[in-house]
Amino acid sequence: MKVPEFVNKYKEYLIQFSNAESGFDYTKASAKIRTWQNMIKNYIFDLGNVLAEFYPDKLTAPHISDEETNKLVREVVFDRLYWDRLDAGTITNEETLMECRKRLPERLWEKADTIFYNWIYNIPEIDGMKELVSYVKNTYGVKILLLSNISHYFADYSHEVECL
């Protein structure tokens, strides 16, 4: 549906849901909304900052307490230079970690590997979203789909992530 068509439909529904006395007819509106809800077969949720928080400082903190070291590792491990390519599937996990090692002192390689392979287990869910997804699924009997531009590695292990 194009924007002008949507605007016209919106105006049409406002007129349908209005009456002379109160300006809004709850009964008409509720019935129409239930009809629309019954048409929806799938709900799609994004992962990053919708279902779960994606803030690299929170993902590295459980592994590195020193702030200066933490900052260095998170800036390298979570650099968009790698993550955009991971998301697109044009670089492997191993290639990413080899590139990270070029930018980190050897003493931090193991920490970088641990953070890279375990960040998905430390990703904090956004309060109430797990309950919302469960409510929508159980109330409306619809499919719940996850939309994300995340790497193949995450997709392979997403079933282990608690907030999903």
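**Figure 1. Lys 102 and its partner in helix 6.** With a relative accessibility of 64%, Lys 102 counts as exposed. The view is taken from a predicted model. Lys 102 forms a salt bridge with Glu 99, and the closest N and O atoms of the two side chains are 3.0 Å apart. Glu 99 counts as partly exposed, because its relative accessibility is 29%. The two residues stand 3 places apart in helix 6, so about one helical turn separates them.

**Figure 2. A salt bridge between helix 6 and helix 7.** Arg 101 and Asp 113 form a salt bridge in which the closest N and O atoms are 2.6 Å apart. This pair links distant parts of the chain, since Arg 101 belongs to helix 6 and Asp 113 to helix 7 (residues 109-118), 12 residues apart. Arg 101 has a relative accessible area of 26% and is therefore partly exposed.

**Figure 3. A network of charged side chains.** Arg 80, Asp 84 and Asp 87 are joined into one network by salt bridges that share partners. Within this network, the side chains of Arg 80 and Asp 87 meet at 3.5 Å, taken from N to O. Arg 80 is partly exposed, at 41% relative accessibility. In the whole structure, a search finds 8 salt bridges.

**Figure 4. Aromatic rings in pairs and in a cluster.** The structure holds 9 aromatic pairs. In one of them, the ring centres of Phe 54 and Phe 78 are 5.9 Å apart and the ring planes meet at 80°, so the pair is edge-to-face. Phe 54 lies in the loop between strand 1 and helix 3 (56-60), whereas Phe 78 lies in the loop between helix 4 (67-77) and helix 5 (80-88); the pair therefore ties together parts that are 24 residues apart in sequence. Phe 78 counts as buried, with a relative accessibility of 8%. Another edge-to-face pair is formed by Tyr 135 and Tyr 140, whose ring centres are 6.4 Å apart and whose planes are at 85°. Both of these residues are partly exposed: Tyr 135 has a relative accessibility of 49%, and Tyr 140 has one of 31%. One aromatic cluster is made up of Phe 54, Phe 78, Trp 83, Phe 116, Tyr 117 and Trp 119.

**Figure 5. The largest nonpolar core.** This core contains 29 residues, of which Val 73, Val 77, Phe 78, Trp 83, Leu 104 and Trp 119 touch the most other members. At least two residues of the core come from each of helix 4, helix 5, helix 6, helix 7, helix 8 and helix 9 (152-157). Which residues does Val 73 contact, if its neighbours within four places in sequence are left aside? The contacts of Val 73 are Ile 64, Phe 78, Leu 104, Leu 108, Ala 112 and Ile 115.

**Figure 6. Thr 69 and its surroundings.** Thr 69 is located in helix 4. Its relative accessible area is 15%, and because buried means under 20%, Thr 69 is classed as buried. Apart from neighbours within four places in sequence, Thr 69 is in contact with Ile 64, Arg 107 and Leu 108. Although Thr 69 and Leu 108 are 39 residues apart in sequence, their C-alpha atoms are 8.6 Å apart in space.

**Figure 7. Asn 93 in helix 6.** Asn 93 is part of helix 6, which covers residues 93-103. Is Asn 93 buried or exposed? At a relative accessibility of 14%, Asn 93 counts as buried. When residues up to four places away in sequence are not counted, Asn 93 touches Leu 86, Phe 116, Tyr 117 and Tyr 153.

**Figure 8. Helix 8 and its buried face.** Helix 8 (residues 129-140) has 12 residues and reaches 16 Å from its first C-alpha to its last, close to the 16 Å expected at 1.5 Å a residue. Its buried residues are Met 129, Val 133 and Val 136. Seen down the axis of helix 8, these residues fall within an arc of 65°, so they line one face of the helix. The elements that cover them include strand 1 (42-46) and strand 2 (143-147). Just after helix 8, Gly 141 adopts a positive phi of about 60°.

How values were computed:
Residues are numbered from 1 along each chain as its sequence is written. This is a predicted model: local features need pLDDT of at least 70, side-chain atom pairs count only at pLDDT 80 or more; totals for chains, interfaces and linings use all residues. Side-chain values use heavy atoms; hydrogens and water are left out. Helices (H or I, at least four residues) and strands (E, at least two) are DSSP runs, numbered from the N terminus. The expected span of a helix is 1.5 Å times one less than its number of residues. Buried means under 20% relative accessible area, exposed over 50%, partly exposed in between (1.4 Å probe, protein chains only). The arc is that of the directions from the helix axis to the C-beta atoms. Contact means heavy atoms within 4.5 Å. Rings of Phe, Tyr and Trp (its six-membered ring) pair if their centres lie within 6.5 Å; planes under 30 degrees apart count as stacked, over 60 as edge-to-face and the rest as tilted. A salt bridge is a side-chain nitrogen of Lys or Arg within 4 Å of a carboxyl oxygen of Asp or Glu. A nonpolar core is a set of buried Ala, Val, Leu, Ile, Met, Phe, Trp, Tyr and Cys residues joined through side-chain atoms within 4.5 Å.
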